[in-house]
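Student: I am new to this structure and would like to learn how to read its features. Could we go through it step by step?

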Amino acid sequence: MFTCTLDPHSRTTLCDQLYTALREEIVRGALTAGARMPSKRQLAGHLRVSTATVEAAYGRLVSEGYCESRPRSGMYVAASLPGPAPAPHPAQTPVRWDFSTGAADAAHFPYAAWARLMREVLSEQNTSLLLSGDPQGSPALRGEIAQMMRSLRGVDVSPECIVLGAGTEVLVTALAALIGRERLFAVEDPGYSRVRRILVASGARIAPTPLCDGAIDVRALYTSGAGAAYVTPSHQFPTGVEMSAGQRAALLRWARETGAYILEDDYDSEFRFSGTSVPALCALDPGGQVIYMNTFARTLAPGLRLSFMALPRELAVRYRAMHSACSVPGFEQETLRKFIAGGHLERHIARMRVIYRARLQTLTRTAQALGLGEVAPCGAGLHALLTVGGRTPAQELVPLAAQAGVKLTRLADYGVMQTDRAAERIVLLGFAGMDETRIEEGLKALYKAWM
């Protein structure tokens, strides 16, 4: 049985420590090519860590080519190992076309309106904005957000249950402590890797859970023993699939029957380009099992670091007892309140929806005209999935794109335990950060690199 020393008091996470130790054993040949790795439960029990820690370490080894997962057989050392990372080159190609999902549109930010409102807030010389304020955030701003949730997402929530935070990381970290790190947190696989890292860094145990028809597999949730599940039902990340009514009902039933919480990340729900808008999962939950999360990073700008969540009432009471201050500065809160109350946010979203729809149409039309591959239908969100044609090996798609000055990621990069070979030829094309001309140029650069 593989043995290594893991330090729970180190600044390096247990997952990273285990990954490094396993990788070193593989590289020096102590774990030989083709050898079967210990099962997750065996290794977790032997090292006295959670199975989620082993899963995450194994998942990273798979994603980097050191191991391979064989269905119904287990985890094995890869037959051929990846070579050493290339040394940085002084003439490394700079990014010219950014198709990453984290890119943002800065050109259309409502600078004039935001600056005017901020000056107005400062001129009022409200000294209370300099104090720590309410731990959940400004009551007035929470009232505006409650109205916004009611009109845009069909969620009837009291302002007393809303919590503001300086980014998704802050809120997820707070939730891990609020609902209990001893719970097992199920996360979508493939899914949002940053939330996985935040939960692990917060001391929580995670269970990467496969998708079924584009949504988290509820049957797997029942057998996992999870006490919470992080999901993206309106626009699953990274596949972009919307959770069906039947899947939503099954997920809510699981939460009721097991007493688990559902963490609903409603990111990108404001940007729908076809079909009718489906109410948030939280709107369908009468039992207080769903925690709703969203951010202004996509609708306004990532740099503002403004996110919020709506808690079940008993959790809101517990949150107030655990926190003494809000992580969002008072001046920013009051500026945002005026921005929403004045109708600026609603108009900005409507404007950006038109702009993003045009960019998506350009991306789809250009990719098809070039013969790059098949673009999956995209009814919402700010990225599309392209199944790449041609003969370029899957593992060379992203490196060749980078050499051409194009930044993107593969669908397979977001998985932990899933090894779907088809996902290796699917790339994510974010279109929020470039205008239509730049999108066309970037796709032509990809064509030259791949075809």
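Student: Which residues of β5 are buried on one side, and which on the other?

Tutor: A note beforehand: this is a predicted model. On one side of β5 the buried residues are L184, A186 and E188; on the other they are F185, V187 and D189. Both faces of the strand are therefore covered, and with 6 of its 6 residues buried, β5 (residues 184–189) is largely enclosed by the rest of the structure.

Student: Which strand is joined to β5 by 6 bridges?

Tutor: That is β6, residues 205–212, and the two strands run parallel. Within this pair, D189 stands opposite P210 of β6. Helix α7 (residues 193–201) belongs with these two strands: β5, α7 and β6 make a right-handed β-α-β unit.

Student: How many bridges link β5 and β8?

Tutor: There are 3 bridges, and the pairing with β8 (residues 228–231) is in the parallel sense. Here F185 of β5 has A228 of β8 opposite.

Student: What describes two packed helices?

Tutor: The angle between their axes and the distance between the axes. Take α1 (residues 14–27) and α3 (residues 51–63): the angle is about 50° and the axes lie 9 Å apart. That angle makes α1 oblique to α3. The crossing of α1 past α3 is right-handed.

Student: Which residues make the contact between α1 and α3?

Tutor: From α1, the contact residues are L14, C15, D16, L18, Y19, L22 and R23. From α3, they are T53, V54, A56, A57, Y58, R60 and L61.

Definitions and conventions
Residues are numbered from 1 along each chain as its sequence is written. This is a predicted model: local features need pLDDT of at least 70, side-chain atom pairs count only at pLDDT 80 or more; totals for chains, interfaces and linings use all residues. Side-chain values use heavy atoms; hydrogens and water are left out. Buried means under 20% relative accessible area, exposed over 50%, partly exposed in between (1.4 Å probe, protein chains only). Helices (H or I, at least four residues) and strands (E, at least two) are DSSP runs, numbered from the N terminus. Two strands pair if DSSP finds at least two bridges between them. A crossover is right-handed if, with the strands pointing away from the viewer, the path from the first strand over the helix to the second runs clockwise. Axes are lines fitted to C-alpha atoms, for helices over the stretch in contact, and angles run from 0 to 180 degrees between N-to-C directions. Angles under 35 degrees count as roughly parallel, over 145 as roughly antiparallel, 65 to 115 as roughly perpendicular and the rest as oblique. A crossing is left-handed if the near helix is turned anticlockwise from the far one by less than a right angle, and right-handed if clockwise. Contact means heavy atoms within 4.5 Å.
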